[in-house]
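User: I would like to learn how to read pockets and side-chain surroundings in a model. Can we go through one together?

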Amino acid sequence: MLKAFSTFYLHQQTPIAQFAKQITFEKWNVIKGDKVVVVSGKDSGKTGTILRVYRLSNEVLVQGINQKFKRKSLLDDPSGSGIQQITRPIHLSKIALIDPEKGKPTKVQRGFLEDGTPVRVSKLSGSIIPKVVDPAKSPAHRHKNKVDGIKDTSPALALQVTYKGEDFSAIKAEFEQFIAEKEKKEELLWFDK
């Protein structure tokens with residue numbers, strides 16, 4: 001009886017690996033907007049664009065890759081129930097960047113230009129893989145409709161110099177006067193034995 005209970009109890013325990021925290025990658029060579037190809041899994045050979053990056057779970061959401069079907073209920077969407085197709089994230093190890101010259105999957109190494117800016121370099125052809133810049137994230141685009149309010153300081157007033165600094169010549173003269181008085185007092189003191 002005791003042996004049967006212990007085996008039952010052991011089978012009910014969840015493995016420790018299930019609760020272990022996943023180690024995240026320190027250096028990522030892919031960003032949102034990159035063209036990638038799936039190198040393993042059911043969608044092997046398909047290409048797509050990265051829509052989102054999940055750094056904590058080492059996954060990326062690629063457009064048109066890893067499609068799953070999900071049942072939609074009337075509670076979720078009152079327009080009607082049915083089955084909808086959604087895109088699920090895929091692990092970073094299952095994708096590779098596309099070489100800009102040859103159009104094939106490639107590994108990436110990091111390099112630097114003459115001015116010191118870091119770049120991604122394809123190991124297949126040695127060409128630079130450019131980063132996709134989203135114009136909506138530039139500061140000029142984000143603040144294009146900004147209007148200064150009542151509490152905003154104008155640039156002319158912010159750049160106006162209001163601190164003049166200390167008058168060090170007056171401080172130096174005062175210190176020299178203090179030292180001269182101290183030396184006079186010390187000359188008046190006589191210590192006889």
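User: Which strand gives the largest share of the lining of the largest pocket?

Analyst: A pocket is an open set of points on a 1 Å grid over the protein atoms alone, where a 1.4 Å probe fits, with protein on both sides within 12 Å along at least five of seven lines; lining residues have an atom within 4 Å of a point. Here strand β7 (residues 95-98; strands are DSSP runs of E, at least two residues, numbered from the N terminus) supplies three residues, the largest share. The model is predicted: local features need pLDDT of at least 70, side-chain atom pairs count only at pLDDT 80 or more, and totals for chains, interfaces and linings use all residues. Residues are numbered from 1 along each chain as its sequence is written, and side-chain values use heavy atoms, with hydrogens and water left out.

User: What volume does the largest pocket have, and which residues are closest to its centre?

Analyst: The volume, the space filled by probe spheres set on the points, is about 310 Å³. Of its 13 lining residues, N29, V30, L92, I95 and A96 are the closest to the centre.

User: Which residues line the second largest pocket?

Analyst: I31, K32, G33, V132, D134 and K137 do, around a volume of about 190 Å³.

User: Is N66 buried or exposed?

Analyst: Buried means under 20% relative accessible area, exposed over 50% (1.4 Å probe, protein chains only). N66 is buried because its relative accessible area is 13%. N66 sits in the loop between β3 (59-62) and β4 (67-72). A polar atom of the N66 side chain lies 2.9 Å from the backbone oxygen of P89.

Terms used:
Helices (H or I, at least four residues) and strands (E, at least two) are DSSP runs, numbered from the N terminus. A polar contact is a pair of N or O atoms within 3.5 Å; within protein, one must be able to donate a hydrogen and the other to accept it, and residues adjacent in sequence count only if both atoms are side-chain atoms.
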